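Reader: I'd like to learn how to read a structure like this one, one feature at a time. Could you walk me through it?

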Amino acid sequence: MGPVAVDERNITRHTVRDDTLVINPGRMLDNNNAHEMVEAIALAQVKGYKFIIMDMSDLEFLSSAGVGSILGTVETSRKMGGDIILCNVSDTILHVLKVLDLADFLTIKATQKEALTLCGIDS
Amino acid sequence: MQIDYIDTLTLLVPADLSNDAMTHFDRGLKKLLTEDPQTIAFDTSQLKYVTSSHIKLLWQIYNICLDAGVTMKLKSPSPGLVRVLKVLDLYELLTENFESMRPQLRKAVRIESGEIPPPYADEFRADSRSIDEALEGFLKFLRRFTLPEVVIFELRTVFYEVATNIRSHAQMGDDDLVVFTARFEGSKLIMVFADSGIPFDQISSTLDFDPQTASKNGQTRGLGLTLVRRLTDKMSYVRMNDVINVLTLEKKWGP
């Protein structure tokens, strides 16, 4: 599946390897689409994607429900030997994660390239 | 409606806010305004039980009077109404009288000159779209001032989390409104949310949050209260007259 144009709350995803999926949450990840994110991640995990890279380059607002969609699913990925890796996180989004003491708990990389490297993929 | 011409023009504020009653009230108000009065007294004696819709009406009356250059007075406000208005920080604004006019006027001059930012007030339904629209309005208000971007983001987050919690838990009807006010006090913003939903104390519901535990439990909900508590400096909740939930939040920034 190829990437799709970014909409305000449009979650897009594309496979980079059999076990690695990149998800872009769009501009907003809040109560309106957090359940879709949970479903998207859970479906990917069922399909065997160990690594899920969440590219937040377009993300302008992350609500607690959006945070919950990541926090509530990351344990499954880690049990599979993988992880949910956040990248291109803006200062304000990072601030929210820090306020919730999640900046160290979640795996965060500066760029998608660094996230892919962590998954053993050289782009 | 009663119109009293003895010493000042008086208009009765109806407890019933049906379309007919409101049309009648609007006509009465327009008629009084054509007489170019200095002061109109709004008789609130019938407002024994105050809902957010009544607060909205009083706020609209205040703005109409302000635009018309007319002083608004509240006549016979019930203790319940006084309490609600005080909590919403609207009491002094809506109850001008000769004794309190001087500080009010001084405050008005300071607002006019930009020395004090004007207060902000809005009301919205507790549905997704209305919350988004109300949030946009609040952001426009905030962007009129030179606030640090991170503070604006925090205030946006607080507004969104509180409003969506009201939506999720207060069980409000389709026509019920959330009343929101915000005012600056130096480098501090006081935000008040008032709704007529079921009793819902967002403060006592707040639980400690631990990322490890939350993750192991697959927790996807309930982080909003933690976020609000950590992004604000003070929170208080009161249930007024067993009708209105009033949540007050204080956010400071700077030294």
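Author: Happily! This is a predicted model, and we can begin with a single residue. Asp101(A) is partly exposed, because 14 other C-beta atoms lie within 10 Å, and the buried class begins at 20. Asp101(A) sits in the loop between α3 and β7 (107-109) of chain A.

Reader: What is the phi of Asp101(A)?

Author: Here is the general idea: most residues other than glycine have a negative phi. Asp101(A) departs from that habit, with a positive phi near 60°. Asn88(A) is another non-glycine residue with a positive phi, about 50°. Chain B offers a case too: Asp36(B), which follows α1(B), has a positive phi near 50°.

Reader: Where does Asn88(A) lie, and is Asn88(A) buried or exposed?

Author: Asn88(A) belongs to the loop between β6 (83-87) and α3 of chain A. Asn88(A) counts as buried because 20 other C-beta atoms lie within 10 Å, and 20 is just what the cut-off asks for.

Reader: How should I judge confidence in chain A?

Author: Start with the caution that where pLDDT is low, the predicted coordinates should not be read in detail. The average pLDDT of chain A is 91, and 93% of the residues score at least 70. Residues 1-6 of chain A, however, have a pLDDT below 50, and this stretch makes twelve contacts in the model beyond near neighbours in sequence.

Reader: Now the fold. How many helices and strands are in chain A?

Author: Chain A has four helices and seven strands. In sequence order they run β-β-β-α-β-β-α-β-α-β-α.

Reader: And what does the radius of gyration tell me about chain A?

Author: The idea is to set the value against what a compact globule with this number of residues would give. For 123 residues that would be near 14 Å, and chain A has 13 Å, so the two agree. Along the principal axes, the C-alpha atoms fill a box of roughly 30 × 30 × 25 Å. As for burial, 47% of the residues of chain A count as buried. Looking at contacts in chain A with a separation of 6 or more, 65% join residues 24 or more positions apart.

Reader: How many residues of chain A are in contact with chain B?

Author: On each side we count the residues that take part: 22 of chain A touch 22 of chain B. On the chain A side, α2 (64-79) and α3 (91-99) each supply at least two residues. The most come from α2(A), with nine. By class, that side of chain A has ten nonpolar, nine polar and three charged residues.

Reader: Can you show me one residue of α2 in chain A?

Author: Take Glu75(A), which is in helix α2 of chain A. Glu75(A) is partly exposed, as 17 other C-beta atoms lie within 10 Å. Beyond neighbours within four places in sequence, Glu75(A) contacts Ser215(B), Lys216(B) and Gly218(B).

Reader: Which domains does chain B have?

Author: The domain assignment gives domain 1 (3-112) and domain 2 (120-252). Their contact takes 15 residues from domain 1 of chain B and 20 from domain 2. On the domain 1 side, α2 (52-68) and α3 (79-87) of chain B each supply at least two residues, and α2(B) gives the most, with five. That side of domain 1 divides into eight nonpolar, four polar and three charged residues.

Reader: Last one: how do I check the length of a helix?

Author: Set its end-to-end C-alpha distance against the expected rise. Helix α1 (residues 19-34) of chain B, with 16 residues, reaches 23 Å, close to the 22 Å expected at 1.5 Å a residue.

Technical notes:
Residues numbered from 1 in each chain as written. Chains lettered and ligands numbered in written order. Predicted model: local features only at pLDDT ≥ 70, side-chain atom pairs only at ≥ 80, totals over all residues. Contact = placed C-beta atoms within 7 Å. Nonpolar A, V, L, I, M, F, W, Y, C, P; charged D, E, K, R; others polar. pLDDT = per-residue confidence, 0-100. Expected span 1.5 Å × (residues − 1). Domains from an automatic or database assignment. Rg over C-alpha atoms; globule rule 2.2 N^0.38 Å. Buried ≥ 20, exposed ≤ 12 C-beta atoms within 10 Å, placed from the backbone.
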